[in-house]
Amino acid sequence: MPQKVLLVLHQATSDPGRVGEAIRTRGFELDMRIPAIGDPLPKTMDEHDAAVIFGGPMSANDDHEAFIREETKLVDVILKSETPYLGICLGAQIMARALGARVAEHEEGFREIGYYQLTPTENGSPLFNQPMQAYQWHREGFDLPQGATLLASGEFFPNQACQVGKNAFGIQFHPEVTEAMNRRWAKKAAHMLSDPGAQSAEVQLEGRRKYDDEVRNWLDRFLDHWLPPLAQQQTAYGS
């Protein structure tokens, strides 16, 4: 039986991009759900071997949105079941809130939209073996949850990547974004490019030409670290 990875997206036009494609090419079936438009979320992780919650324009603090409440409950189920989890941007912030940590805007209204440097912590190796320029698009950040390990930090939003337990990771940046997605986001949300700290579309695309290879390489290293236990389990099932 193919192993299934749950992908939670947030808009009808959302795309799992390079993350979805990289997981698929590793032999996993993708189960994509968009609870914001009515897709149900599983109550348990019995039928899924891993889960990814992607980013979105909403906030992890939007408790008035039923789907945000449901995703927060789902993260609690994922963590308690020790199912491998990756939270990207909003997905990381939802994990932080599920663990009781604060999610908030920068105190000076700063945004990270474009490429910004991540610096590995002492505990960040081997997932972050050197400083990296990573693509970002967010106005909020998360406090480090109690018991979490910080893997990478940033100048303006200090908590850029963290690990909870053995299998759960939250990252503030967007390794899934392809050039087509980059151009679409910059066009659709052009009004945000004048916010404090945001880079212009031209600067973003120039950053992409300079830094995208290292982001792609990071994603491959991360997935090789995160997914092999599932592949080994799949081999055991087939024996």
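Strands here are DSSP runs of E, at least two residues long, numbered from the N terminus. The model is predicted. With that reading, L150 is found in strand β9, residues 149-153.

## Around L150

L150 and Q160 sit 10 residues apart in sequence. In space, their C-alpha atoms are 7.9 Å apart. Q160 is also among the contacts of L150, once neighbours within four places in sequence are left aside. The other residues in that list are T121, N123, L144, P158, N159, A161 and C162.

## Two polar residues in strands

R33 belongs to strand β2, which covers residues 29-33. Its relative accessibility is 18%, and buried means under 20%, so R33 counts as buried. The side chain of R33 has a polar partner: a contact of 2.9 Å joins R33 to the side chain of D31. Beyond four places in sequence, R33 is in contact with L6, L7, V8 and L9. D39, P40, L41, P42 and H48 complete that set for R33.

Q133 lies in strand β7. Q133 is buried too, because its relative accessibility is 18%. Here the side chain meets backbone: Q133 reaches the backbone nitrogen of Q117 at 3.4 Å. Q117 is one of the residues that Q133 touches outside its sequence neighbourhood of four places. The others are Y115, Y116, Y211, E214 and V215.

## Aromatic pairs and a cluster

The structure holds 11 aromatic pairs. One of them joins F173 and W218, edge-to-face. The centres of F173 and W218 are 5.0 Å apart, with 70° between the planes. Why does this pair tie together parts that are 45 residues apart in sequence? F173 lies in the loop between β11 (168-171) and α4 (179-188), whereas W218 lies in helix α5 (residues 201-226), so the pair links those parts.

A second pair is made by F222 and W226. Their ring centres are 5.8 Å apart and their planes meet at 25°, so the pair is stacked. Both residues lie in helix α5, four residues apart, about one turn of the helix.

How buried are these four aromatic residues? The table gives the values.

| Residue | Relative accessibility | Status |
|---|---|---|
| F173 | 0% | buried |
| W218 | 1% | buried |
| F222 | 1% | buried |
| W226 | 4% | buried |

Both pairs belong to one aromatic cluster, formed by F128, F169, F173, W218, F222 and W226.

## The largest pocket

The largest pocket has a volume of about 670 Å³. It is lined by 27 residues. Which of them are the closest to its centre? They are Q11, G56, P57, W137 and W185.

Several elements contribute to the lining. α3 (90-98), β7 (132-138) and α4 each supply at least two residues. The largest share comes from α4, with four residues. By character, the lining of the largest pocket divides into 11 nonpolar, 10 polar and six charged residues.

Two elements named earlier return here. β7, the strand that holds Q133, supplies at least two lining residues. α4, which follows the loop holding F173, gives the largest share of the lining.

Key:
Residues numbered from 1 in each chain as written. Predicted model: local features only at pLDDT ≥ 70, side-chain atom pairs only at ≥ 80, totals over all residues. Heavy atoms only, no water. Buried < 20%, exposed > 50% of the residue type's maximum accessible area, 1.4 Å probe, protein only. Polar contact = N/O pair within 3.5 Å; in protein donor to acceptor, adjacent residues only side chain to side chain. Contact = heavy atoms within 4.5 Å. Phe/Tyr/Trp six-rings, centres within 6.5 Å; stacked < 30°, edge-to-face > 60°. 1 Å grid on protein atoms, 1.4 Å probe; cavity = no way out; pocket = protein on both sides within 12 Å on 5 of 7 lines; lining within 4 Å. Points joined across faces, edges and corners; volume = space filled by probe spheres on them. Nonpolar A, V, L, I, M, F, W, Y, C, P; charged D, E, K, R; others polar.
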